[in-house]
Amino acid sequence: MAKDLLKLVDLKKQYSDGRPILRGINLTIPAGQFVGLIGLSGAGKSTLLRCINRLVDPSSGQIWVPGDVFLDGPEASGTIDVAQLKGRQLRRWRRKTGMIFQQFNIVKRLTVIDNVLSGKLGYVNTLQSSLRMFSKEDRELALINLERVGLLSHAYKRASALSGGEQQRVAIARTLMQKPRLILADEPVASLDPKLAETVLDILKRVSQEDGLTTVVSLHTLEMTRRYSDRVIGLAQGEIAFDDLPAHLSEDVVANIYQRYTPDKVTL
Ligand SMILES: Nc1ncnc2c1ncn2[C@@H]1O[C@H](COP(=O)(O)OP(=O)(O)O)[C@@H](O)[C@H]1O
Ligand SMILES: [Mg+2]
């Protein structure tokens with residue numbers, strides 16, 4: 001049995017207006033799982049992914065992770081509550097947690113390889129970024145990661161010359177530079193047409209499997225959710241409405257997650 005990589009305990013979030021957005025999320029994800037996250041717009045999917053990554057601070061609850069996987073130094077033993085991390089350890093957590101966004105967030109005026117190399121910098125260290133001090137090893141790793149996403153021949157093109165699907169693949173290669181253990185992908189294919197979406201998800205799933213990564217990805221179609229997920233989490237109004245195998249996503253369950261009005265279920 002794979003050990004658990006992430007355990008959320010009663011995770012809650014309200015923004016400054018005080019409205020509860022996450023209403024107590026309890027969730028345990030074993031290492032290596034590829035989890036599909038679904039739910040209506042506004043259900044709290046982005047908030048959940050951002051709380052895990054600590055782009056957003058949870059209001060209460062715990063985010064337990066194995067310290068040895070994500071941190072270093074004496075604090076790295078045992079299980080660590082990410083919600084309590086600060087400073088250097090918080091930065092390290094973020095570095096080991098790859099974030100992929102709907103809008104790719106790549107720098108279009110830079111070359112593809114420079115975009116990938118920027119993944120080495122994590123979210124900070126703009127000084128190094130402006131000086132462009134990358135080692136030979138970094139450059140080799142960037143080329144390896146570009147090859148893994150099928151874009152080696154595009155390495156020295158400007159990112160702006162790439163299609164949306166290719167830009168998202170650059171974003172995956174950039175994330176791999178961080179040597180992440182967990183990938184959080186927030187609607188990574190929502191801006192892409194179905195064929196490109198499939199290519200991107202094929203790559204995301206393959207690199208996750210190759211590197212033994214744990215991945216949580218929010219998806220906007222049931223077809224993709226069924227096809228790629230080892231497990232599906234359905235969020236509705238900040239609560240888990242479904243947590244099971246994709247094969248168990250019945251019409252009733254889907255109607256519940258998406259809060260659809262189903263007239264044939266109403267008895268008069
Ligand atoms: N920074 C914020 N401040 C206040 N409310 C927010 C903020 N971000 C998101 N929300 C609200 O939280 C709810 C859930 O949003 P979100 O997590 O983006 O859901 P989803 O990704 O499932 O569409 C929405 O009602 C949204 O308006
Ligand atoms: Mg969202």
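This is a short dialogue on reading one buried residue and one cavity in a predicted model.

Visitor: What should I know about the model before reading Thr97?

Guide: This is a predicted model, in which local features need pLDDT of at least 70 and side-chain atom pairs count only at pLDDT 80 or more, while totals for chains, interfaces and linings use all residues. Residues are numbered from 1 along each chain as its sequence is written, and side-chain values use heavy atoms, with hydrogens and water left out.

Visitor: Is Thr97 buried or exposed?

Guide: Buried means under 20% relative accessible area, with a 1.4 Å probe and protein chains only; Thr97 counts as buried because its relative accessibility is 0%.

Visitor: Which residues does Thr97 touch?

Guide: Contact means heavy atoms within 4.5 Å, and, leaving aside residues up to four places away in sequence, Thr97 touches Asn53, Phe70, Gln178, Pro180, Leu182 and Leu184. The side chain of Thr97 also reaches the backbone oxygen of Trp93 at 2.8 Å.

Visitor: How many cavities of 30 Å³ or more does a search of the whole structure find?

Guide: Rolling a probe the size of a water molecule over the atoms shows where empty space is left. A cavity is a set of points, on a 1 Å grid over the protein atoms alone, where a 1.4 Å probe fits but cannot get out, and lining residues have an atom within 4 Å of a point. The search finds one cavity of 30 Å³ or more, and the largest cavity holds about 40 Å³ of space.

Visitor: Which residues line the largest cavity?

Guide: The lining consists of Leu27, Ile29, Val35, Leu37, Leu48, Leu49, Ile52, Val216 and Ile233.

Definitions and conventions: Chains lettered and ligands numbered in written order. Buried < 20%, exposed > 50% of the residue type's maximum accessible area, 1.4 Å probe, protein only. Polar contact = N/O pair within 3.5 Å; in protein donor to acceptor, adjacent residues only side chain to side chain. 1 Å grid on protein atoms, 1.4 Å probe; cavity = no way out; pocket = protein on both sides within 12 Å on 5 of 7 lines; lining within 4 Å. Points joined across faces, edges and corners; volume = space filled by probe spheres on them.
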